[in-house]
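This report walks through a protein chain by looking at how its parts touch one another. Please keep the sequence and the structure in view while reading.

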Amino acid sequence: MAMTFRRGLRDGIPICLGYLSVSFTFGMMATNGGLPVWLSVLISMTNLTSAGQFAGTAIIIATGSLIELAVTTFIINIRYMLMSLSLSQKIDPQISLGARFAMAFGITDEIFAVSMQQTGRVNTRYFTGLVLTPYGGWALGTFLGAGAAGLLPEAIRGALGIAIYGMFLAIIIPPARKSKAILFTIAFAGKPYFS
């Protein structure tokens, strides 16, 4: 199947749907902490990492130091450098350096996983489509969550906090059903946590 922009948009829809709920939670947390709606959305549009956003925004709300903010977000997000190195072996070698930098901005755990599952080389058209749909969903979810922060009961706001785990499960279960090696890796990686 051709690596087209349209196919990337389509492959990004499940990620987008997962991001809506997680970013909704982020938007609520940010505005409940005193940040304005516009700033919550700006953070989501310039920092594509849910764990980094949650941790960084919590430090901002708690008036932590800039060093604390920088070190925390660096440690949380260092995995994206490793993902970028791995993905660089999968992308079309003809892609320019500028396009590679733009692609690096869009790497998230889920986009990396979907890109690596593709057969053949990943080109800029496909990757742009794959990033665009989730990016829009992340910004929209943040906006909706920030706007609804004071409207939802506490029980529902607390339940949305587990949305990120559901998103990870949606990424790892389909390939695990097709490959015993992937299933073994998931089971082995999760063993210390479930013992």
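## Where helix 4 meets helix 5

In this predicted model, Phe74, Ile76 and Asn77 of helix 4 are in contact with Arg79, Tyr80 and Met81 of helix 5. Sorted by class, the residues of this contact are four nonpolar, one polar and one charged. The axes of helix 4 and helix 5 lie 5 Å apart, and the two helices pack at an angle of about 35°.

Which residues of helix 5 are buried? They are Tyr80, Met83 and Leu87, in a helix that covers residues 79-88. When one looks down the axis of helix 5, these buried residues fall within an arc of 55°, so they line one face of the helix. The cover over the buried residues of helix 5 includes helix 4, helix 7 (109-116) and helix 8, while the face turned away from the buried side carries the exposed residues Leu82 and Leu85.

## The chain as a whole

The chain has eleven helices and zero strands, and reading along the sequence therefore gives the pattern α-α-α-α-α-α-α-α-α-α-α. Of the 195 residues in the chain, 39% are buried.

Contacts can also be sorted by how far apart the partners stand in the sequence. Among the contacts in the chain with a separation of 6 or more, 76% are between residues that are 24 or more positions apart.

## Helix 8 and its partners

Helix 8 (residues 124-148) packs with helix 2 (residues 37-46) at an angle of about 160°, and their axes are 9 Å apart. Because an angle over 145 degrees counts as roughly antiparallel, helix 2 and helix 8 are described as roughly antiparallel to each other. Their crossing is right-handed. On the side of helix 2 the contact is made by Val37, Ser40, Val41, Ser44 and Met45, and on the side of helix 8 by Tyr135, Trp138, Ala139, Thr142, Phe143, Ala146 and Gly147. By class, the residues of this contact are eight nonpolar, four polar and no charged.

How do helix 1 and helix 8 lie, and at roughly what angle do they cross? The axes of helix 1 (residues 5-32) and helix 8 come within 5 Å and cross at roughly 25°. Since angles under 35 degrees count as roughly parallel, helix 1 and helix 8 are roughly parallel to each other. Helix 1 passes helix 8 in a right-handed crossing, and the contact between them has 20 nonpolar, twelve polar and three charged residues.

## Two buried residues of helix 8

Thr142 lies in helix 8. Is Thr142 buried or exposed? With a relative accessible area of 0%, Thr142 is buried, because buried means under 20% relative accessible area. Leaving out residues up to four places away in sequence, Thr142 touches Ser23, Phe24, Phe26, Gly27, Ser40, Val41 and Ser44.

Ala146, which is also found in helix 8, has a relative accessible area of 6% and is buried. Not counting residues up to four places away in sequence, Ala146 touches Gly27, Met28, Thr31, Val37 and Ser40. One of these partners, Ser40, stands 106 residues away from Ala146 along the chain, and yet the C-alpha atoms of the two are separated by 7.1 Å.

## Met45, a partly exposed residue

Met45 is found in helix 2, and at 33% relative accessibility Met45 counts as partly exposed. This label applies because the value is neither under 20%, which would be buried, nor over 50%, which would be exposed.

Once the neighbours within four places in sequence are set aside, Met45 is in contact with Phe105, Tyr135 and Ala139. Met45 and Leu140 are 95 residues apart in sequence, and their C-alpha atoms are 9.8 Å apart in space.

## Thr63, an exposed loop residue

Where does Thr63 lie? Thr63 lies in the loop between helix 3 (50-61) and helix 4 (66-77). At 68% relative accessibility, Thr63 counts as exposed, because exposed means over 50%.

The backbone of Thr63 also deserves a look. The phi angle of Thr63 is near 55°, which is a positive value in a residue other than glycine.

Technical notes:
Residues numbered from 1 in each chain as written. Predicted model: local features only at pLDDT ≥ 70, side-chain atom pairs only at ≥ 80, totals over all residues. Heavy atoms only, no water. Axes fitted to C-alpha atoms, helices over the stretch in contact; angles between N-to-C directions. Helix = DSSP H or I, 4+ residues; strand = E, 2+ residues; numbered from the N terminus. Parallel < 35°, antiparallel > 145°, perpendicular 65-115°, else oblique. Left-handed = near helix turned anticlockwise from the far one by under 90°. Contact = heavy atoms within 4.5 Å. Nonpolar A, V, L, I, M, F, W, Y, C, P; charged D, E, K, R; others polar. Buried < 20%, exposed > 50% of the residue type's maximum accessible area, 1.4 Å probe, protein only. Arc of directions from axis to C-beta.
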